[in-house]
Amino acid sequence: MLNTPHIVRDVMTRTVAAVDRGARFKEVVRTMEEWQVSALPVLAGEGRVVGVVSEADLLPKEEFRESDPGRLEQLRQVDDVRRAEAVTAGELMTSPALTVRADATLSQAARTMAQQSVKRLPVVDGRGVLQGIVSRADLLKVFLRSDEELAGEVRRDIVGALFAAPARDLRVTVADGVVTLSGRIRDTSLVPVLARLVRSVEGVVDVEFDVIGAASARPEEASWSTLRTPSAR
């Protein structure tokens with residue numbers, strides 16, 4: 001049985017800097033500086049995430065410091081003008097906040113970040129209460145898994161599960177996250193399946209094959225041929 005995919009809870013940061021809606025402008029800036037972050041969840045009630053305030057939300061205060069935008073510019077930059085006049089996190093924040101659940105898969109979190117062009121997501125429970133935060137760097141932690149760990153998972157959960165009998169002739173090696181399967185395989189039509197399953201292992205960078213396959217299912221009719229796919233993309 002294949003391992004359960006890693007989820008956000010596995011990699012998220014649990015200690016999170018946040019501010020409440022009433023936090024003043026300078027408090028927001030000070031908190032970002034102290035925690036060395038570029039965005040903060042904004043909380044209400046019992047820790048429910050109601051928005052996010054980022055450096056981009058703060059910059060209009062400086063942008064319009066020495067200028068008085070005309071009517072046309074105000075219409076074009078209505079949100080920036082509003083933020084330039086804001087003094088609390090509740091007035092500055094982007095709302096509703098983009099969030100992710102702790103039980104979401106890493107691929108789901110990565111897809112949300114990519115589609116919405118954000119670098120991090122507050123992690124919330126079913127009531128919207130802050131549980132942690134996950135960043136792009138957190139999602140890349142799976143690539144820190146050792147080659148030995150990856151090889152063990154591929155042997156046990158993929159090669160061992162896909163073949164009824166132990167595949168002693170099919171060797172699994174891993175170097176820098178690239179998995180190579182070499183040796184003999186009875187049915188080379190399984191190669192695309194193997195490639196897809198191996199790539200689904202979190203931390204795998206790529207998969208390569210150097211295998212010999214039988215053209216027939218019956219040993220007496222088997223003629224061996226070599227299938228080499230340096231990069232089975």
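Student: Two strands pair if DSSP finds at least two bridges between them. With that in hand, which residue in strand 8 stands opposite L170?

Tutor: G183 stands opposite L170. Keep in mind that we're looking at a predicted model.

Student: Noted. How many bridges join strand 7 to strand 8, and do they run parallel or antiparallel?

Tutor: Six bridges, and the strands run antiparallel. Strand 7 covers residues 170–175, and strand 8 covers residues 178–185. Together they make a hairpin with two residues between the strands.

Student: What's the phi of D176 in that turn?

Tutor: D176 has a positive phi, about 55°.

Student: Back to strand 7. Which side chains are buried there?

Tutor: L170, V172 and V174, which point to one face. R171, T173 and A175 point to the other face and are not buried, so the side chains alternate along the strand, with buried meaning under 20% relative accessible area.

Student: Switching to sheets. What's the strand order in the one with strand 5?

Tutor: That's an open sheet of three strands, order 4-5-6, with mixed pairing. Its edge strands are strand 4 (100–101) and strand 6 (130–135), each pairing on one side only.

Student: And how do strand 4 and strand 5 pair, parallel or antiparallel?

Tutor: Parallel, over two bridges, with strand 5 spanning residues 120–124. For R101, the bridge partner in strand 5 is V124. Helix 7 (residues 106–116) packs on this sheet and touches strand 4, strand 5 and strand 6. The helix direction makes about 130° with that of strand 5.

Student: What about the sheet with strand 2?

Tutor: An open sheet of three strands again, order 1-2-3, mixed pairing. Strand 1 (19–20) and strand 3 (48–54) are the edges, and each pairs on one side only. Strand 1 pairs with strand 2 (residues 39–44) in the parallel sense over two bridges, and D20 has L43 as its bridge partner in strand 2.

Student: Which helix packs on that one?

Tutor: Helix 2, residues 25–35, which touches strand 1, strand 2 and strand 3. Its direction makes about 125° with that of strand 2.

Student: New topic, charges. How many salt bridges do we get?

Tutor: Seven. Among them, R145 goes with E149, the closest N and O atoms being 3.1 Å apart. R156 and D157 also meet in a salt bridge, 3.1 Å from N to O.

Student: Is R145 buried or exposed?

Tutor: R145 counts as buried because its relative accessibility is 14%, under the 20% cut-off. Its partner E149 is partly exposed at 39%. D157 is buried, at 5%.

Student: Which residues get joined into a network by shared partners?

Tutor: E46, D125 and R127. Within it, R127 bridges to D125, with the closest N and O atoms 3.8 Å apart. R127 is exposed, with a relative accessible area of 57%, whereas D125 is partly exposed at 23%.

Student: Last one: which residues form the nonpolar patch on the surface?

Tutor: L140, F143 and V205, with about 300 Å² of accessible area together. L140 sits in the loop between helix 8 (136–139) and helix 9 (147–162).

Student: Why does L140 count as exposed?

Tutor: Because its relative accessible area is 52%, and exposed means over 50%.

Methods:
Residues numbered from 1 in each chain as written. Predicted model: local features only at pLDDT ≥ 70, side-chain atom pairs only at ≥ 80, totals over all residues. Heavy atoms only, no water. Helix = DSSP H or I, 4+ residues; strand = E, 2+ residues; numbered from the N terminus. Contact = heavy atoms within 4.5 Å. Axes fitted to C-alpha atoms, helices over the stretch in contact; angles between N-to-C directions. Buried < 20%, exposed > 50% of the residue type's maximum accessible area, 1.4 Å probe, protein only. Patch = residues over 30% accessible without salt bridge, like charges linked within 9 Å, V, L, I, M, F, W, Y side chains within 5 Å. Areas by Shrake-Rupley, 256 points an atom, 1.4 Å probe, with all protein chains shown as cover. Salt bridge = Lys/Arg side-chain N within 4 Å of Asp/Glu carboxyl O.
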